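Reader: I am new to this structure and would be grateful for a close look at one part of it, namely its salt bridges, followed by an account of the interior around them.

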Amino acid sequence: MIDFTLISAVLIGIGVLLFLILVLRIQAFIALLIASIVVGIMSGMDPASIISTIQQGMGSTLGFVATVVGLGAMFGAILEHSGGAEALANYLLAKFGEKNASWALMITGFFIAIPVFFDVAFIILVPLIYSLQRKTKKSLLLYGIPLLAGLAITHSFIPPTPGPVAVADILKADLGWVILFGFIVGIPTAIVCGPLFGKYISKKIFIEAPTLSKTTVKNSNFPPVGLVISIIAIPILLIVSNTLINSPLFAEDTIPIKVKAWLEMIGHPFSALIIANLLAWYLLGIDRRFSEETLLKITTKSMEPAGIIILLTGAGGVFKQVLVNTGTGEMLANYFANEGVSIMLFAFLASATVRILQGSATVAMITAAGITAPLLAVNITDIDKALLVIAIASGASILSHVNDSGFWLVGKYLGLDEKQTFKSWTVMTSLLAVTGFLTVSLLSLFF
């Protein structure tokens with residue numbers, strides 16, 4: 001049975017959220033908290049319950065997310081400043097050759113965006129695509145789109161990037177499964193909206209690289225590429241291994257209890273990222289003659305962009321908790337179950353709607369996760385939750401346009417006007433979202 005008072009409260013709350021962000025330009029963290037309070041008031045919660053719900057939602061969310069996002073940001077900062085991202089890109093370009101450079105750039109973007117933020121990784125690697133364009137005289141989009149596709153997909157689909165970490169925590173999804181399915185969904189999605197779309201759009205729009213004097217002077221003292229790949233792979237393998245040893249693939253008595261307990265600790269995202277940070281700190285820092293003071297400055301500076309993501313995630317947890325405590329989530333879950341509506345489709349559309357209206361993929365993911373979490377059935381599996389995370393991430397990637405900072409970043413660095421950016425970047429993000437969601441939907445039929 002639908003309670004229209006609760007439905008109205010949620011709709012008004014979302015309306016208030018969008019009004020505060022779009023019209024009044026209030027920071028999304030405050031906007032999410034205000035929207036949560038509005039939903040609580042409209043639903044008939046008493047003032048004391050609203051305050052305790054804010055504390056409950058914020059506290060239950062941040063314990064995990066703050067640690068993972070903080071460790072991930074420091075890890076990425078060391079990799080960035082050591083030249084590891086460029087080392088991997090140059091290696092892949094040399095191995096694939098000029099003819100297959102678009103595939104090399106897609107793979108580079110796919111792996112580099114795991115530890116490094118999207119915009120930072122793009123700015124670091126953009127001189128490579130400038131250089132390729134000058135050599136081949138082909139459109140810059142032939143190389144730029146595959147690189148952007150790889151970066152955008154990993155940034156949205158694969159932890160420890162902040163978006164999927166936040167959504168996984170709100171939905172209580174296992175990070176190992178999210179990483180595993182993020183790779184499975186990400187690979188075909190990257191191929192479709194990277195090299196394939198890049199080849200198509202580069203024939204429609206010809207763009208030249210900026211003059212050589214405007215590019216950054218390249219550093220040739222890069223760390224060994226094998227070392228870079230190993231350091232990136234270690235936390236991922238540890239987290240996924242932890243998930244697999246706790247899955248039905250291993251019988252309970254296969255591994256001794258004490259050994260399993262230690263393996264679980266080492267494979268927990270906290271421990272895995274601490275190990276990765278220590279390895280990066282020494283092997284990419286101290287061993288390459290970075291001073292301790294420099295490494296401290298690098299890692300401290302990385303906390304700045306992480307801070308807002310952590311707070312946003314906490315506010316998303318508050319929004320979710322309000323829906324749980326008012327009973328709205330349970331009511332909607334029962335309604336969708338009775339009507340046969342797919343929760344996955346609902347989550348994708350919710351995420352896509354918020355993304356299109358207000359621009360930020362992170363806000364869209366967190367808001368959609370907050371709305372979706374209370375709708376989940378008690379017996380939902382870890383695999384279903386992981387697929388749901390990817391569905392939400394797909395929706396949050398759709399239709400990047402003028403209200404998204406990424407739209408202007410890409411346009412500026414690739415030398416595109418607004419119309420060209422719409423035809424290339426905006427179409428690519430929409431293709432990414434649809435391909436990702438269709439792949440997730442297909443996987444849900446088999447798992």
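Author: The model is a predicted one. R355 is a suitable place to begin: its relative accessible area is 5%, and because burial here means under 20%, R355 counts as buried. This residue belongs to helix α15, which covers residues 343–358. Its salt-bridge partner is D404, and the closest N and O atoms of the two are 3.4 Å apart. D404 lies in the loop between α17 (382–395) and α18 (405–414), so the pair ties together parts that are 49 residues apart in sequence. D404 has a relative accessibility of 10% and therefore also counts as buried.

In general terms, side chains of opposite charge can pair when their charged atoms come close. The structure holds two salt bridges. The other one joins E304 and K301, with 3.4 Å between the closest N and O atoms. Both of these residues lie in helix α13 (residues 292–326), where three residues, about one turn of the helix, separate them. E304 and K301 are both exposed, whereas R355 is buried and D404 is buried too.

The interior also holds nonpolar cores. The largest has 143 residues, of which I129, L414 and M428 touch the most other members. Helix α3 (residues 47–82) supplies the largest share of this core, 12 residues. Apart from neighbours within four places in sequence, I129 is in contact with L105, L140, Y143, G144, L147 and L414. A second, separate core has five residues, including L6, M331, F336 and L375.

Enclosed spaces complete the account. There are two cavities of 30 Å³ or more. The largest has a volume of about 80 Å³, and its lining includes V69, G72, A73, F117 and P160. Helix α3 gives the most to that lining, with three residues. By class, the lining has nine nonpolar, two polar and no charged residues.

The second largest cavity contains about 30 Å³ of space. It is lined by H155, S156, G163, P164, A361, T362 and M365. Helices α7 (141–157), α8 (162–171) and α16 (361–372) each supply at least two of these residues, and α16 gives the most, with three. This lining divides into three nonpolar, four polar and no charged residues.

One further buried residue may be added. N242, in helix α10 (residues 225–245), counts as buried because its relative accessibility is 14%. Leaving aside neighbours within four places in sequence, N242 is in contact with L263, E264, G267 and H268.

How values were computed. Residues numbered from 1 in each chain as written. Predicted model: local features only at pLDDT ≥ 70, side-chain atom pairs only at ≥ 80, totals over all residues. Heavy atoms only, no water. Core = buried A, V, L, I, M, F, W, Y, C linked by side-chain atoms within 4.5 Å. Buried < 20%, exposed > 50% of the residue type's maximum accessible area, 1.4 Å probe, protein only. Helix = DSSP H or I, 4+ residues; strand = E, 2+ residues; numbered from the N terminus. Contact = heavy atoms within 4.5 Å. Salt bridge = Lys/Arg side-chain N within 4 Å of Asp/Glu carboxyl O. 1 Å grid on protein atoms, 1.4 Å probe; cavity = no way out; pocket = protein on both sides within 12 Å on 5 of 7 lines; lining within 4 Å. Points joined across faces, edges and corners; volume = space filled by probe spheres on them. Nonpolar A, V, L, I, M, F, W, Y, C, P; charged D, E, K, R; others polar.
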